[in-house]
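Please open the model in a viewer and keep the selection tool at hand. The stops below are meant to be followed in order.

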Amino acid sequence: MRLEEELHELLRVRREKLEELKAKGVEPYGGRYPRTHLAAEIKENYAALEGAEVKVAGRLMARRAHGKASFGNVMDGSGQIQIYLRLGDVDPATYSLFLEDLDLGDIIGVGGTVFKTRTGEITVAVRELRLLAKCLRPLPEKWHGLKDVDLRYRQRYLDLIVNPAVRETFITRSRIIRAIREFLEERGFLEVETPMMQAVPGGAAARPFITHHNALDMDLYLRIAPELYLKRLLVGGFEKVFEINRNFRNEGISTKHNPEFTMLELYQAYADYRDMMDLTEELISTVAGRVLGTTTVTYQGVTLELSPPWRRQTMLEAVREHTGLDFNAFRGDDALARRAAREVGVEVEEGDTWGAVLNKVFEEKVEEKLIQPVFILDYPVEVSPLAKRKKDDPALTYRFELFICAREIANAFSELNDPIDQRNRFLAQQKRRQAGDEEAHMMDEDFLIALEYGMPPAGGLGIGIDRLVMLLTDAPSIRDVILFPLMRPRELA
RNA sequence: GAGCCGUUAGCUCAGCAGGUAGAGCACCUGACUUUUAAUCAGGGGGCCGCAGGUUCGAUUCCUGCACGGCUCACCA
């Protein structure tokens, strides 16, 4: 810390007050304060509490001095309440503590009686005042709040102090996650935790972060998905498992991507992807109902109806509906499929097979049009290395993704439990890795051994929690639903 | 990774066809015993993101860099 003389005036003044307080024998960083009520409780129960003695604690957010009587606002976890000090009701030392020594932002405890001012504001008439924590830096502006998004993310605590809507968003996030846990536990799912550090990062197509274990002298990867471990648990006999935890992907940052993000994955033995569709509909609509009180939500001005059932459409149908291209007609002819894609303006590479082309056309031409909830079924096998092939159509898989507001919200499939087929899929992925595709799956021999012991047929589902929270809180950026999104470090003031 | 835009007081923002900067809130001093964006009077506070260049002179024009935002690419 710089020398006191060099401190900014605003910081210097507060530090001087701190020293004065100490000189007066006031402890500026107090301990336990036995508060009796939250601000909101007093306001909600005024009829019962009028004239009652209460103690509240919180941050001093405003002060309006009128000579020998003064008002202030104290904010606690429930909201703000007005406090009133009058010389005579409190001794001169207490009054001057409030008026001279306290600053906006200080955390205080006050005791007094509840009353209503003549303008009708429910207020605590203070008898006792205690400083619990001195605030040495000025808070952001009281009216406009903190707008600079850089500062809001870097100093999220300030954002939370001065922007109540931000606070609400994160409370809603917590409620959503709790509702998901309740929903799954009610249905017999067991919550588990699987490794975040993995020797072979699998379960998704993504570039991993690399870290190093010193004692074992080995590189490890931060997981890109828990999938392959959760499936090992199916092998082990857990029949309904879920995990809500972080995934890490070493990719770009955008309004829809943070390098670490929260994912729900669940697996249900003896089920398939149709069961997963039913479960997904029920889960999201139930969570919306429990948390928001409605299944009709507005996202960025668009009204979405989340009550089931949701539309179900195969990828082939969706592509035909939105582009006029019937990929069934190009079956077995990769070149024809590529030509058709180029005709509608989709860039494809020479090596792209029928299924890869179909997927690209879908992503570029169809996804953006999927506003109301829709399950897109039957993904090509090339882009679904962990999903079971369709019995009657082995070029496709029993896989769906859920789209809402043009965003992929969920991804699910009937899990591939044939170890021979799984090995071949890994080998195909390996070829793509060798061809330079850094996101192709790595071979996971350990996982294959597990499959060889027999994994029950199962449905698996993944839901991006951050994106679901964005949808349900009307947040335009993923950074609005992650408390501390990744930022480049910056020199501190 | 690319393109566009931004960075001025603690915060929210003006401003500058190039002549060494303003407002509101916050802060300091004074007045005020039911105010609430309290009010009134006075005052202090700025490497105008950083580094170069052009110029008699740059916060302003040019270049580079840093950080951020948006769009695109990659993805969930």
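Begin with the second largest cavity, which holds about 30 Å³ of space. A cavity is here a set of points, on a 1 Å grid over the protein atoms alone, where a 1.4 Å probe fits but cannot get out, and its lining residues have an atom within 4 Å of a point. Grid points are joined across faces, edges and corners, and the volume is the space filled by probe spheres set on the points. This is a predicted model, in which local features need pLDDT of at least 70 and side-chain atom pairs count only at pLDDT 80 or more, while totals for chains, interfaces and linings use all residues. Residues are numbered from 1 along each chain as its sequence is written, chains are lettered from A and ligands numbered from 1 in the order in which they are written, and side-chain values use heavy atoms, with hydrogens and water left out.

To display this cavity, select Q198, V200, G202, A225, L228, Y229, R232 and D444, which form its lining. Helix α8 (residues 227-235) contributes the largest share, three residues; helices (H or I, at least four residues) and strands (E, at least two) are DSSP runs numbered from the N terminus. By class, the lining has four nonpolar, two polar and two charged residues. Ala, Val, Leu, Ile, Met, Phe, Trp, Tyr, Cys and Pro count as nonpolar, Asp, Glu, Lys and Arg as charged, and the others, Gly among them, as polar.

Next, select P201, A204, A206, P208, I224, R433, E439, A440, H441 and M442, the lining of the largest cavity. The volume of the largest cavity is about 40 Å³, and seven nonpolar, one polar and two charged residues line it. The structure holds two cavities of 30 Å³ or more.

Now turn to RNA strand B. Which residues come nearest to RNA strand B? Of the 54 residues around the strand, these are R118, T119, K142, H257 and R467; a residue counts as near if one of its heavy atoms lies within 4 Å of the strand. Sugar and phosphate make up 57% of the strand B atoms that come within 4 Å of the protein. The surface near RNA strand B has 19 nonpolar, twelve polar and 23 charged residues, and α5 supplies its largest share, five residues.

Three individual approaches to the strand may be displayed in turn:

- Select E9: an N or O atom in its side chain is 3.0 Å from a base nitrogen of RNA strand B.
- Select K147: a polar backbone atom of this residue is 3.0 Å from a phosphate oxygen of RNA strand B.
- Select R479: an N or O atom in its side chain is 3.1 Å from a phosphate oxygen of RNA strand B.

Proceed to T280 in helix α9 (residues 273-292). Is T280 buried or exposed? T280 counts as buried because its relative accessibility is 0%, buried meaning under 20% relative accessible area and exposed over 50%, with partly exposed in between (1.4 Å probe, protein chains only). Beyond neighbours within four places in sequence, T280 is in contact (heavy atoms within 4.5 Å) with W310, F375, F400, L402, A410 and L461.

F375 leads on to Q313, since Q313 is also in contact with a set of residues that includes F375. Q313 lies in strand β14 (residues 311-314) and, at 5% relative accessibility, counts as buried. The side chain of Q313 makes a polar contact with that of E321 (2.7 Å); such a contact is a pair of N or O atoms within 3.5 Å, where within protein one must be able to donate a hydrogen and the other to accept it, and residues adjacent in sequence count only if both atoms are side-chain atoms.

Finish at A23 in helix α1 (residues 9-23), which is exposed, with a relative accessible area of 71%.

Methods. 1 Å grid on protein atoms, 1.4 Å probe; cavity = no way out; pocket = protein on both sides within 12 Å on 5 of 7 lines; lining within 4 Å.
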